[in-house]
Amino acid sequence: MAEEAMVYDLAVIGGGPAGYTAALYAARAGLSAVVLEKTAPGGQMAATGIIDNYPGFDEGVEGFLLAQKMQAGAERFGAKTLYAGAAAVELAPNPKRITLDTPANAGSAGLLARTVVLATGASPRRLGLPEEAALAGRGVSYCAVCDGMFYRGKTVVVVGGGNTAADDAEYLARLCKKVFLVHRRSALRAAPARQKALETAGVEFVWNSRVTEILHEAAVTGVRLAGAEPGAERVLPCDGVFVAIGRVPDTALFAGQLPMDEAGCLLADETTRTPLPGVFAAGDVRQKPLRQIVTAAADGAAAAYFAGEYLRALH
Ligand code: NAP
């Protein structure tokens, strides 16, 4: 059957822990379920080294392995994965329509589903510098675990003051000749104990400083820093810049169709129901107090459960 002719019971946009848990619960409940994933399963989880806080793995588990297991678990019960991104969504009608962005699917009428779980997750926040986009993958990185090995024996700057920046600095300190941690305040947002551990690992802190320019020739050569005092400017030479200043939810696709908070998170309660019937928001896209793999997975389970309830009420 052609893809556009079929109407799925449940379509998930985003193959992270929320998405694959929704697909697992839906498939086990006998619903036809498809996950749209534009790159590789796992989302942010797949770019994480060892995960120690997902229950059931007493010695930790590698992020990409957990991602593969979540996908395989859902597919064991009949859920499908379609490697495509959603280019546009029409969430109000029944069935709902998702236009796919892959060349292979160009021109197709898209994918139809009676319920949709929005589980697109979040992306790294950018510094917002004009040269940043062009240097991404050429000296600027948003994932230490993914790209750290390219900077073995080199000097790098990590930007940020949260747990991600601390994790990244610690990871890179094991590979690099020198790691500077540049933060716009005089203390980390991450737990104070981490500062001591980082100092012991040889990380040098650069406090009260903002990156105002990434200097480069063919490759990155340094960063220009502005201090708290007017005129307090300096250049810090480095080979790479790891940006770890938080994440922003990937919800632009849903703008105008669903309410969001000022950070761009979708508004839905613990049932994950959005104001649009049959549309659910699960994982990091949802406004919630704790964003973890385990809370994303919990959202996915709730989304599939309440999608099933919605489908039963349709008949
Ligand atoms: P985060 O906790 O929101 O920290 C972001 C950091 O970036 C803050 O220090 C912030 O500075 C800084 N920042 C934000 N925008 C900036 C900008 N434009 N320029 C310069 N600096 C900027 O983000 P996160 O570290 O990615 O962590 C996200 C969540 O995941 C947190 O709840 C965290 O605890 C959790 N997490 C936990 C672990 C772990 O347990 N090992 C690991 C990773 C993440 P200010 O301090 O000035 O706001």
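Trainee: Which relative accessible area does Cys-176 have, and is the residue buried or exposed?
Mentor: The model is a predicted one, and in it Cys-176 falls below the 20% cut-off under which a residue is called buried. Cys-176 is therefore buried, with a relative accessible area of 10%.

Trainee: Which cysteine has the sulfur closest to that of Cys-176, and why is there no bond?
Mentor: A disulfide requires two cysteine sulfur atoms within 2.5 Å. The closest cysteine sulfur is 11 Å from that of Cys-176, which is too far for a bond. That sulfur belongs to Cys-238.

Trainee: Which cysteines does a disulfide join?
Mentor: A disulfide is a covalent bond between the sulfur atoms of two cysteines. The search of the whole structure finds one such link. Its S to S distance is 2.0 Å, and the cysteines joined are Cys-143 and Cys-146.

Trainee: What is the handedness of the link between Cys-143 and Cys-146?
Mentor: The angle about the S-S bond is 70 degrees. With that angle, the link of Cys-143 and Cys-146 is right-handed.

Trainee: Which relative accessible area makes Cys-146 partly exposed?
Mentor: Its disulfide partner, Cys-143, counts as buried at 12% relative accessibility. Cys-146 lies between the limits of 20% and 50%, so it is partly exposed. The relative accessible area of Cys-146 is 34%.

Trainee: Asp-284 has no salt bridge; how far away is the nearest side chain of opposite charge?
Mentor: Asp-284 is buried and sits in the loop between strand S19 (279-281) and helix H7 (293-314). The nearest side chain of opposite charge is that of Arg-291. A salt bridge needs a nitrogen and an oxygen within 4 Å, whereas the distance to Arg-291 is 4.2 Å.

Trainee: Which residues is Asp-284 in contact with, leaving aside its neighbours within four places in sequence?
Mentor: One of these residues, Cys-265, counts as buried at 5% relative accessibility. The residues in contact with Asp-284 are Gln-44, Gly-121, Ala-122, Pro-249, Cys-265 and Arg-291.

Trainee: Which residues are joined into one network by salt bridges that share partners?
Mentor: Side chains of opposite charge can pair when their charged atoms come close. Lys-288 and Asp-299 form a salt bridge with their closest N and O atoms 3.0 Å apart; Lys-288 is in the loop between S19 and H7, and Asp-299 is in helix H7, 11 residues apart. Both Lys-288 and Asp-299 are buried. The network consists of Glu-270, Arg-286, Lys-288 and Asp-299.

Trainee: How many residues apart in sequence are the parts tied together by Lys-178 and Glu-204?
Mentor: The structure holds 12 salt bridges, and one of them is formed by the side chains of Lys-178 and Glu-204, at 3.1 Å from N to O. Lys-178 lies in strand S12 (residues 178-182) and Glu-204 in strand S13 (residues 204-206), so the separation of the parts they tie together is 26 residues.

Trainee: In the salt bridge of Arg-224 with Glu-233, which relative accessibility makes Glu-233 count as exposed?
Mentor: The closest N and O atoms of the pair are 3.7 Å apart. Arg-224 is partly exposed, with a relative accessible area of 25%. Exposed means over 50%, and Glu-233 counts as exposed at 52%.

Trainee: What is the distance between the end C-alpha atoms of helix H2, and which span should its residues have?
Mentor: H2 comprises the 14 residues 63-76. The expected span takes 1.5 Å times one less than the number of residues, which gives 20 Å. The distance between the end C-alpha atoms agrees, at 20 Å.

Trainee: Around the axis of H2, which arc do its buried residues cover?
Mentor: The buried residues of H2 are Gly-63, Leu-66, Ala-67, Met-70, Gln-71 and Ala-74. They are on the same side of H2 because they cover an arc of only 135 degrees.

Trainee: Thr-272 is not a glycine; what is its positive phi?
Mentor: Most residues other than glycine have a negative phi, and most peptide bonds are trans. Thr-272 lies in the loop between strand S18 (247-249) and S19, and counts as buried at 0% relative accessibility. Its positive phi is about 70 degrees.

Trainee: Which residues does a cis peptide bond join?
Mentor: Omega of this bond is about 0 degrees. Its proline is in the loop between strand S6 (86-90) and strand S7 (96-100). The residues joined are Asn-94 and Pro-95.

How values were computed:
Residues numbered from 1 in each chain as written. Predicted model: local features only at pLDDT ≥ 70, side-chain atom pairs only at ≥ 80, totals over all residues. Heavy atoms only, no water. Helix = DSSP H or I, 4+ residues; strand = E, 2+ residues; numbered from the N terminus. Buried < 20%, exposed > 50% of the residue type's maximum accessible area, 1.4 Å probe, protein only. Lys, Arg positive; Asp, Glu negative; His and termini not counted. Contact = heavy atoms within 4.5 Å. Arc of directions from axis to C-beta.
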